[in-house]
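Student: I am new to this structure and would like a close look at a single part of it. Please pick one helix and work outwards from there.

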Amino acid sequence: HGLLTEHMKPAIVFFHGGGWSGGEKEQFHVQCAYLAAKRGFAAATAAYRLSGEALFPAAVEDAKCAVRWLRSVAKERGLFSNRIAAGGGSAGAHLAAMVALTPGRFEGAGGHAGVSSRPDALVCFNAPTDLELRARDSGTRENVVKWLGGEYEQQIDRYREASPAKYVSPQAPPALFLHGEADETVLCEQSKIMYRRYREAGVHGELVAYPGQAHGWYNGPGACWETLQRVEKFLVERFGL
């Protein structure tokens, strides 16, 4: 048993950004390679249906299916079924948060029914977390309108339903939120909201705000390594690696 545990791996699956309407799953290959090489993670990226193909909650259902699949093959692939993380950037971070915070909802029919889709840790880069507040404060951007199927005034309940911040509870998995303070695409306040909800729920949550950094800053050469080391530290501590 000791030898088996020694050779088992934690896992992480990343979801790409692109406003729920674009982007490629290759977006997080650098992060996957780093965690695989440095800490032995089984690291994956997943595609999902974009808004041009299907509206909310299709992308959430696909993201949940990816986590279910990963957990379903844990034994045969030598993975810890209770050390699976989900992460992403921008729209992908939103999806990762929805996956983590809505167990039993938006599961879809993609397969592996009966396997939990709830990740054991959450990593979010510049995540939109409260779509209702975002719509009220700064207007609804075209990509959100397209994905949710209407303007905020026409779809208030849908904007609430698609907001991960509405689902934070004491059962939420530990989370790390990273956000550029100069982000004008997704305001840093969106991650601060999530951090406050985590504290109110009594769940472990961490927020790292990067002064002067804009949307997608973590893809830059220096920022990429800096943020990766922060993600690594979080996962090592939460998973007891």
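Tutor: Take helix α5, in what is a predicted model. The helix is mostly covered: 11 of its 11 residues are buried. They are Ala91, Gly92, Ala93, His94, Leu95, Ala96, Ala97, Met98, Val99, Ala100 and Leu101. An α-helix has 3.6 residues a turn, so residues three or four places apart point the same way.

What does α5 lie across? Helix α5, residues 91–101, lies across β1, β3 and β4. Its direction is about 145 degrees to β3. Another helix, α3, lies across β1, β2 and β3. There the angle to β1 is about 165 degrees.

Now the core. The largest nonpolar core has 50 residues. Phe15, Leu122 and Tyr198 have the most contacts inside it. Helix α5 gives the most to this core, with 9 residues. A second, separate core holds 24 residues, including Phe28, Tyr34, Phe125 and Leu228.

Next, pick out one residue of the helix. His94 lies in α5. Its relative accessibility is 0%, so His94 counts as buried. Beyond its neighbours within four places in sequence, His94 is in contact with Trp20, Ala127, Pro128, Leu131, Trp147, Ala162 and Pro164.

Follow the contact to Trp20. This residue sits in the loop between β1 (9–15) and α2 (29–39). Trp20 is itself buried, because its relative accessibility is 2%. Its phi is near 60 degrees, a positive value in a residue other than glycine. Why stop at that sign? Most residues other than glycine have a negative phi, and most peptide bonds are trans.

Asn126 also has a positive phi, about 35 degrees, and is not a glycine. Asn126 is in the loop between β4 (121–125) and α6 (131–138). With a relative accessible area of 1%, Asn126 is buried. For an unusual peptide bond, go to Phe56 and Pro57. The bond from Phe56 to Pro57 is cis, with omega near 10 degrees. Pro57 lies in the loop between β2 (42–46) and α3 (58–72).

Now the sheet. It is open, has 6 strands and pairs in parallel. The order is β2-β1-β3-β4-β5-β6. Which strands stand at the edges? They are β2 and β6 (205–210). Each has a single partner strand, so one side of each is left without a neighbour in the sheet. On average, neighbouring strands of this sheet are turned by 15 degrees against each other, direction ignored. Strands of a sheet pair through backbone hydrogen bonds, either parallel or antiparallel.

Go along the pairs. Strand β3, residues 79–89, pairs with β4 in the parallel sense over 5 bridges. Gly88 has Cys124 in β4 as its bridge partner. Then 4 bridges join β4 to β5, which run parallel. Val123 stands opposite Leu176 in β5. Further on, 6 bridges join β5 to β6, again parallel strands. Leu176 stands opposite Glu206 in β6. From β5 the chain crosses through helix α9 (residues 189–201) to β6. This β-α-β crossover is right-handed.

Strand β5, residues 175–180, is mostly covered too: 6 of its 6 residues are buried. Ala175, Phe177 and His179 point one way from the strand. Leu176, Leu178 and Gly180 point the other way. Both sets are buried.

End at edge strand β2, with Thr45. Thr45 is found in this strand. Is Thr45 buried or exposed? It counts as buried, because its relative accessibility is 18% and the cut-off is under 20%. Leaving out residues up to four places away in sequence, Thr45 touches Phe14, Lys25, Phe28, His29 and Cys32. Phe28 is also part of the second core. A polar atom of the Thr45 side chain lies 3.0 Å from the backbone oxygen of Lys25. Asp157 is 112 residues from Thr45 in sequence. In space the two are 30 Å apart, C-alpha to C-alpha.

Methods: Residues are numbered from 1 along each chain as its sequence is written. This is a predicted model: local features need pLDDT of at least 70, side-chain atom pairs count only at pLDDT 80 or more; totals for chains, interfaces and linings use all residues. Side-chain values use heavy atoms; hydrogens and water are left out. Helices (H or I, at least four residues) and strands (E, at least two) are DSSP runs, numbered from the N terminus. Buried means under 20% relative accessible area, exposed over 50%, partly exposed in between (1.4 Å probe, protein chains only). Contact means heavy atoms within 4.5 Å. A polar contact is a pair of N or O atoms within 3.5 Å; within protein, one must be able to donate a hydrogen and the other to accept it, and residues adjacent in sequence count only if both atoms are side-chain atoms. Two strands pair if DSSP finds at least two bridges between them. Axes are lines fitted to C-alpha atoms, for helices over the stretch in contact, and angles run from 0 to 180 degrees between N-to-C directions. A nonpolar core is a set of buried Ala, Val, Leu, Ile, Met, Phe, Trp, Tyr and Cys residues joined through side-chain atoms within 4.5 Å. A crossover is right-handed if, with the strands pointing away from the viewer, the path from the first strand over the helix to the second runs clockwise.
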